[in-house]
Amino acid sequence: MKKILKSMAGMVLATTLAVGAQAATLKVAYDSDPVSLDPHEQLSGGTLQMSHLLFDPLVRWDKDMNFEPRLATKWERKDDLTMRFHLRKGVKFHSGNDFTAKDVKWTFDRLRSSPDYKAIFEAFAELKVIDDYTIDLVTKKPFPLVLNNATYIFPMDSEFYTGDDDKGQPKDRLVKHAGSFASRNASGTGPYIVERRQQGVRTDYKRFADYWDKQSPGNVETITLTPIKEGPTRVAALLAGDVDFIFPVPPNDHNRIDRASNSELVVLPGTRVITLQLNQERVEAFKDKRVRQAINYAINNKGIVDRVMRGFATAAGQQGPKGYAGYVEGLKPQYDLEKARQLMKEAGYEKGFSITMLAPNNRYVNDARIAQAAASMLAKINIKVDLKTIPKAQYWPEFDLRSADILMIGWHSDTEDSANFTEYLTACTDESTGWGQYNSGNYCNHKVDDMVRSANQETDLAKRAAILQDVERTLYEEAAYVPLHWQNLAWGAGKGVQAESVVNVMNFPYLGDLVVTQ
Amino acid sequence: MLLFLFRRLVQGLAVMFVISLISFSIQDNLGDPLREMVGQSVSEAERQALREEMGLNDPFLVQYGRFMSKAVRGDLGTSYFFKEPALQVIMDKLPATLELVFGATLLIVFISVPSGVYCAIRPNSWLTRLILGVSILGISIPVFLTAIFCIYLFSIELGWLPSYGRGELVSVFGLWDSGFFTKDGILHLVLPCFALASIMLPLFIRLIRSEMVEALHTEYVKFAKAKGLRKVRVYFVHALKNTMLPVLTVGGVQIGTMVAYTILTESVFQWPGMGFLFLEAVHRVDTPLIVAYLIVVGGIFVIVNTLVDILYGLINPTVNLARTAQ
């Protein structure tokens with residue numbers, strides 16, 4: 001019944017749209033530009049935004065974090081190690097070539113040679129072509145995140161990328177620091193093709209006439225994408241009507257966009273968590289759980305969200321946001337100054353101590369101000385903080401050296417999964433597996449690592465979620481680090497741009513499905 | 001004259017050498033370029049391998065030697081972000097910046113000369129007080145605030161002028177894309193040019209005014225007036241000509257400053273020129289592009305200063321170029 005209603009609603013929507021749905025032009029301004037037209041060159045928001053325009057994934061996330069079929073129409077689990085995907089028939093690449101299983105295989109093999117994507121596809125043994133429209137993804141061990149990873153498989157036109165370019169280099173060459181054929185040319189199955197591109201200045205996209213998804217209500221014929229770095233300029237361009245769609249909107253400008261008659265603000269809770277790590281190798285006191293807890297109690301996450309972030313964030317008590325497998329409803333942010341002082345006293349640090357703290361000043365929303373707020377909060381339990389904030393370009397080398405007592409780090413899970421946070425941020429540092437690569441707190445609990453390892457092989461998703469929730473609980477009780485908040489996401493849209501229906505928490509708006517009314 | 005030019009060339013080359021050495025040696029402190037090129041979850045081992053492949057692990061002298069041996073052949077390296085020769089990338093953006101500087105210079109000339117002269121001739125009128133008052137304000141407001149205010153007033157509130165970018169361009173003889181030949185292009189030029197000019201305008205108005213006041217008190221101006229020459233001729237030919245010498249010198253020095261200020265103006269207006277390019281390159285730790293930019297801008301400074309000296313010699317033949325160069 002629900003389904004019928006839904007499809008009826010869809011029909012009504014489609015007819016109303018057919019009346020007003022004329023080909024529209026959309027001018028978009030983001031804060032950054034994809035580095036290349038090659039979807040495998042860099043794993044970044046910009047690249048993924050571009051991939052959803054030029055290419056199409058096997059499956060993609062919908063608004064409720066479920067999987068939506070794209071180039072794969074259905075999938076089923078064959079056994080513990082194998083997931084079978086049925087591919088869409090009659091799909092054309094921009095070059096005119098037909099899309100088949102061999103393109104998926106070609107893309108998969110190329111992905112595994114990409115430095116940026118290698119780690120994501122580590123769990124896979126191979127991709128087997130069964131017939132032209134069927135493939136099997138085979139993992140080395142039972143692996144629960146096959147579909148999550150399938151959202152990264154954007155099939156490329158294997159024929160188009162075969163052969164040598166005019167410089168005598170193979171067309172499928174994948175390099176970061178020198179131009180390649182694939183970084184300048186693209187043929188995917190996506191809703192748009194690149195018409196003109198001036199890197200860093202402007203890219204023009206035109207709707208692909210043979211796009212397979214005729215059901216899509218999208219009516220945007222051409223897209224002009226201009227990267228506008230400065231927040232105020234981006235906002236001004238929207239308010240002046242020079243662009244129709246912007247991201248991100250700086251917190252200070254939310255009201256202006258909301259109030260203006262020709263624009264609207266779309267806000268979603270984000271999935272990037274901002275945390276502070278307490279370096280136990282450098283500070284003896286941080287080895288004491290009571291001190292770590294005291295710090296957690298002393299920092300007022302909610303206050304930072306209200307005052308520094310102007311409400312544009314969700315205070316966090318754990319790593320993964322709501323909607324993720326490991327999310328535990330009960331783990332609220334802790335704030336109790338009395339309790340914090342009490343814990344410091346118990347640990348024998350009533351008089352406090354002095355530490356250093358390092359944070360970036362242009363990486364996360366209001367990062368430097370968050371760090372200042374946290375530092376002043378720690379002063380209340382007699383911890384004197386010597387805070388330094390530096391640009392991100394200089395920050396990462398310092399972070400790798402773990403060169404301060406408290407370091408700030410934000411993390412978004414590439415797999416939209418809870419385990420990813422622990423693997424990078426709170427697992428024991430292990431250079432051979434890469435676990436704990438960003439664990440500058442040097443927190444190490446082998447029990448937690450084992451739990452995550454077993455979760456990564458648990459294909460029963462309910463059981464798996466239970467394990468990951470246990471992980472969050474343990475980290476919370478141990479005060480392994482200081483969770484601050486999840487950054488929200490905000491887009492600004494001009495009149496008639498129905499942005500709300502195409503934006504998502506991963507921040508790759510499905511512009512192919514965007515409807516613009518005049 | 002030839003001797004002067006030759007000396008200037010040698011000096012220029014020495015300056016370029018020092019710039020290349022300095023900019024090359026600071027690049028290690030700018031950050032890790034790999035961090036901007038790879039995703040966050042890429043392992044340290046992968047990054048090391050890439051660093052090795054790109055020659056970033058070589059000792060300083062090896063890297064510098066490699067750079068210099070290519071540089072003398074006109075190759076200043078390849079930009080990490082644009083993946084094209086850095087010099088090429090900069091040259092592609094040069095016209096946009098030159099047009100901005102040119103537009104700003106026009107504004108400065110056409111506003112500062114008449115208002116400076118007016119203020120000198122009518123020192124007590126209300127308009128003079130207004131001009132001088134506004135110019136004090138102009139000196140004390142930073143350029144990006146002026147720019148943001150202009151955007152707010154003229155783009156958002158009034159909707160007269162576009163807020164960012166260069167607009168419609170026309171290719172001139174296939175050499176460069178210019179915004180000076182379309183209405184849209186010119187509209188896009190107005191605000192950035194004004195914002196850029198706003199830093200220099202007060203300075204030039206005041207300079208021209210004070211030089212002019214001085215000139216008006218000289219004997220020959222008094223004599224010219226007494227002879228009954230038309231006032232316009234006295235002011236604009238006799239007096240103004242002699243106020244222009246110091247103005248020209250200051251102007252030459254200020255062109256360099258203006259190129260530097262294009263960085264701010266371009267980033268506020270998303271103007272696709274060299275200054276904006278440089279700022280982005282710093283953010284992205286695109287070291288080859290940063291080094292190339294510093295060298296190119298250094299070159300522009302050297303050339304402009306040489307031209308100013310030559311012009312100076314032409315206007316005032318009593319200046320001996322060869323001697324001043326010693």
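Begin at N149(A), a buried residue with a relative accessible area of 1%. The model on display is predicted. N149(A) belongs to helix α4 of chain A, which covers residues 146–150. Display its surroundings next: apart from neighbours within four places in sequence, N149(A) is in contact with I120(A), F121(A), F124(A), F143(A) and T415(A).

**The annotated domain of chain A**

Select residues 67–431 of chain A. An unreviewed UniProt entry gives this stretch the feature "domain: Solute-binding protein family". Helix makes up 26% of the span and strand 26%. Place a distance between the C-alpha atoms at its two ends, and the separation is 33 Å.

Within chain A, move to the peptide bond that runs from F247(A) to P248(A). This bond is cis, with omega near -10°. For orientation, P248(A) sits in the loop that connects β11 (245–247) with α7 (254–259) of chain A.

**The disulfide**

Select C428(A) and C444(A) together and show their side chains. A disulfide joins the two residues, with an S to S distance of 2.0 Å. The count over all chains comes to one disulfide. Rotate the view to look along the S-S bond: the angle about it is 95°, and the link between C428(A) and C444(A) is right-handed. Both C428(A) and C444(A) lie in the loop between α13 (419–426) and α14 (446–455) of chain A, 16 residues apart.

Is each partner buried or partly exposed? C428(A) is buried, at a relative accessible area of 7%. C444(A) counts as partly exposed, at 41% relative accessibility.

**A positive phi in chain A**

Go next to N507(A), in the segment after β17 (482–494) of chain A. The phi of N507(A) is near 60°, a positive value in a residue other than glycine. N507(A) is also buried, with a relative accessible area of 11%.

**Chain B**

Turn to chain B and select residues 94–312. UniProt lists this range, in an unreviewed entry, as "domain: ABC transmembrane type-1". The span is 81% helix and 3% strand. Its end C-alpha atoms lie 26 Å apart.

Select K83(B), which is found in the loop between α4 (60–71) and α5 (86–121) of chain B. K83(B) is not a glycine, yet its phi is positive at about 60°. At 11% relative accessibility, K83(B) counts as buried.

Two cysteines of chain B are the next selections. C119(B) counts as buried, at 1% relative accessibility. C193(B) is buried as well, with a relative accessible area of 5%. Why does the sulfur of C193(B) form no bond with the closest cysteine sulfur? That closest sulfur belongs to C150(B) and is 12 Å away, which is too far for a bond; the cut-off for a disulfide is 2.5 Å.

**The cavities**

Now switch to a display of internal space. Rolling a probe the size of a water molecule over the atoms shows where empty space is left. Across the whole structure, a search finds seven cavities of 30 Å³ or more.

Centre first on the largest cavity, which holds about 90 Å³ of space. Its lining consists of 14 residues; select those nearest its centre, namely N296(A), G317(A), Q334(A), Y476(A) and P483(A). Helix α15 (residues 461–478) of chain A supplies the largest share of this lining, three residues. By class, the residues lining the largest cavity are seven nonpolar, five polar and two charged.

Finish at the second largest cavity, with about 80 Å³ of space. Which residues should be selected to show the lining of the second largest cavity? From chain A, choose Q199(A), G200(A) and V201(A). From chain B, choose F82(B), K93(B), P272(B), G273(B), F276(B), L277(B), E280(B) and R284(B). Colour helix α11 (residues 274–284) of chain B separately, since the largest share of the lining of the second largest cavity, four residues, comes from this helix. Colouring by residue class then gives five nonpolar, three polar and three charged residues around the second largest cavity.

Methods. Residues are numbered from 1 along each chain as its sequence is written. Chains are lettered from A and ligands numbered from 1 in the order in which they are written. This is a predicted model: local features need pLDDT of at least 70, side-chain atom pairs count only at pLDDT 80 or more; totals for chains, interfaces and linings use all residues. Side-chain values use heavy atoms; hydrogens and water are left out. Buried means under 20% relative accessible area, exposed over 50%, partly exposed in between (1.4 Å probe, protein chains only). UniProt positions are given in the numbering used here, feature names are shortened, and annotations may be inferred rather than shown by experiment. On a 1 Å grid over the protein atoms alone, a cavity is a set of points where a 1.4 Å probe fits but cannot get out, and a pocket is an open set with protein on both sides within 12 Å along at least five of seven lines; lining residues have an atom within 4 Å of a point. Grid points are joined across faces, edges and corners, and a volume is the space filled by probe spheres set on the points. Ala, Val, Leu, Ile, Met, Phe, Trp, Tyr, Cys and Pro count as nonpolar, Asp, Glu, Lys and Arg as charged, and the others, Gly among them, as polar. Contact means heavy atoms within 4.5 Å.
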